[in-house]
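Student: I'd like a close look at one part of this model rather than a tour of everything. Could you pick one strand, walk me through its surroundings, and then follow the thread outward?

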Amino acid sequence: MSNISRDDVANLAKLARINLSEDELSHLSSELSVILDAVARVQEVASSDVPPTSHPLPLKNVFRDDVVRPSLSPDEALSGAPAQEEQRFKVPQILGEEQ
Amino acid sequence: MINKSAAEMAAALTSGEISSVELTQQHLDRINQVDKDVHAFLHVDTEGALAQARDVDSKRKSGEKLSPLAGVPLALKDVLVQKGVPTTCGSKMLEGWRPPYDSTVVTRLKENGIVILGKTNMDEFAMGSSTENSAYGPTHNPWDLTRIPGGSGGGSSAALAAFEAPLAIGTDTGGSIRQPAAVTGTVGVKPTYGGVSRYGLVAFSSSLDQAGPCARTVLDAAYLHEAIGGYDRMDSTSINQPIPPVVAAAKDGNIKGMKIGVIKELQGDGYQAGVLKLFNQSLELLASLGAEIVEVSCKYFDYALAAYYLIAPSECSSNLARFDAMRYGIRVGEGSAEDVMNATRQLGFGREVKRRIILGTYALSSGYYDAYYGSAQKVRTLISRDFDSAFNHADVLVSPTAPTTAFKIGEKANDPIAMYLNDIATIPTNLAGIGGMSIPSGLAEEDGLPAGFQIMAPAMQDDRMYRVGAALESALLSKWGKPILENAPLLGAK
């Protein structure tokens, strides 16, 4: 039986950059425990002699020639920006005062 | 004209019996009349559609050579970007966003003169099996408005079943084209992975996501498949080979001597009796048309659902990191960039999306990676091997598309595991990257609601599904005497 605590969920939410309410934290911890129990079955057959598949196509790196092609103008690229200034995305402060 | 097939509409356009503007207007009128009850659309682009229709009409008048579907209207799932037209993915996160470019699917629709009526409702970021996870409210199944239309592409399938559009585009990560088709009595195809470009398809699980055609007939789906499919340099996972000849296969429909493999593991417990009965009747029809029915076993399919619910959440937790409140989409909260990110993602994402991001974050975290994500990737290998050996004994594989007919809205909303079980028969094809199709198999005797028959083919042999689908569709039509959707309630007749 998987046991995902409220604190575990809070830590995962921090890693995933999502604030969660108390209500969401307690719901998710019980739901995740149930879901993880259901999906943990994969371990029954995942023996060491089976290679993993990350992708359905047998592709290696796909390269293209490095040539300039038409692309979005700055105005188009910024058209959905929540805030902008001087043709740049305007974002809240990233580093703290000490950094 | 709205209850005709897309091919019939195309013929009427070619003969001059109707113009694209008239045909488009008829569909806009129909949307106006019934969509308040069905809620298939999140956005109707009346002006854009009519402008596109006028353009096709004038090209036709000037004698320009047009594509087979030129002038026929279509409904587009709101997960594919269309320049200047709101694209929300059913999420609050993208409310009000107008993309600055066209997805390749949209580019090809426009090149083919296919008229885009608007954007259809879906589970948020395509995560769900009922369209109840849309931030903009659920879509209602035209067969019974109290029931779900499937998901995540419930808006596209409902639009077809309600005669709001003869064609639609869906995307299928674990069944989101095929299960909605099954529960609405329509046709849906997930092409081979890489068969249709993912450029401009908002990513959920990149190694599984695949756009494809939705329609009311197999031939219509084939025409749409050829219009949107094929290599695209903008998608590095796009397959650089010709599109399989799906229109020719759908027109031919000869299955004499074909071997059809019934997957033992995709029936029995958990499947509704009426759904299985229809499945078996369809098998008898296929046998009567000269196909040989064989049974195959895919013993690792029992692990497919578990593997999927690790792989898809893992990839989604990474893909959805792009919604960071910095470059597009909504932004809420005060303080540092990280505070704003945290607050925006709390408000912008719904319950199921948060659940999957947190699950994926867990499955990918150090200490758990090998046990969960790593094991799931190994199961993926085992499932592909199961398919490979099954295709040694059969040309196509078949199963019921979904274990049940449409359930009631709200019935499974609080039980994620019960909801996930809807996809039990559709998920294996996504994990292996092969093609899958759902066509209507009839109405289940318990509830009179439609069920789906699923056909799967090896990678890049999509034409085989169309051949078998067309054969079964035609045999069922002779048996029923009329298309299945003529049994659906008349909407908007008041």
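Tutor: Here is a walk around one strand of chain B, followed by its core and a few neighbouring elements.

Keep in mind that this is a predicted model. The strand I'd pick is β2(B), residues 73-77. Since 5 of its 5 residues are buried, the rest of the structure largely encloses it. In a regular strand, side chains alternate between the two faces of the sheet. Here, B:P73, B:A75 and B:K77 point one way, while B:L74 and B:L76 point the other way, and all of them are buried. So a lysine, B:K77, is on that buried list too.

Now the partners. β2(B) runs parallel to strand β3 of chain B, residues 115-120, and 5 bridges join the two. Between them in this arrangement comes helix α4 of chain B, residues 104-111: β2(B), α4 and β3(B) make a right-handed β-α-β unit. β2(B) also pairs with strand β4 of chain B, residues 167-171, again in the parallel sense, over 2 bridges. B:L76 is a handy marker for both pairings: it stands opposite B:K119 in β3(B) and opposite B:I169 in β4(B).

Next, B:L74. Leaving aside residues up to four places away in sequence, B:L74 touches B:L109, B:I114, B:V115, B:I116, B:L117, B:A165, B:L167, B:A168 and B:I169. B:L74 is also among the best-connected members of the largest nonpolar core: of its 170 residues, B:L74, B:A307, B:L310, B:I358 and B:V396 touch the most other members. The largest share of that core, 10 residues, comes from helix α10 of chain B, residues 304-319. Apart from it lies another core, of 5 residues, including A:V91, B:A325, B:M326 and B:M341.

For another covered strand, try β10(B), residues 435-443, where 9 of 9 residues are buried. Its pairings are antiparallel: 3 bridges join it to strand β5 of chain B, residues 187-190, and 8 bridges to strand β11 of chain B, residues 450-457. B:M437 is the marker this time, opposite B:V189 and opposite B:I455 in β11(B). β10(B) and β11(B) form a hairpin with 6 residues between them, and B:G448 in the turn has a positive phi of about 70°.

Chain A, finally, has 19% of its 99 residues buried. Its radius of gyration is 22 Å, where a compact globule of 99 residues would have one near 13 Å.

Methods:
Residues are numbered from 1 along each chain as its sequence is written. Chains are lettered from A and ligands numbered from 1 in the order in which they are written. This is a predicted model: local features need pLDDT of at least 70, side-chain atom pairs count only at pLDDT 80 or more; totals for chains, interfaces and linings use all residues. The radius of gyration is taken over C-alpha atoms; the globule rule is 2.2 Å times the number of residues to the power 0.38. A residue is buried if 20 or more other C-beta atoms lie within 10 Å of its own, exposed if 12 or fewer, and partly exposed in between; C-beta atoms are placed from the backbone. Helices (H or I, at least four residues) and strands (E, at least two) are DSSP runs, numbered from the N terminus. Two strands pair if DSSP finds at least two bridges between them. A nonpolar core is a set of buried Ala, Val, Leu, Ile, Met, Phe, Trp, Tyr and Cys residues joined through C-beta atoms within 7 Å. Two residues are in contact if their C-beta atoms, placed from the backbone, lie within 7 Å. A crossover is right-handed if, with the strands pointing away from the viewer, the path from the first strand over the helix to the second runs clockwise.
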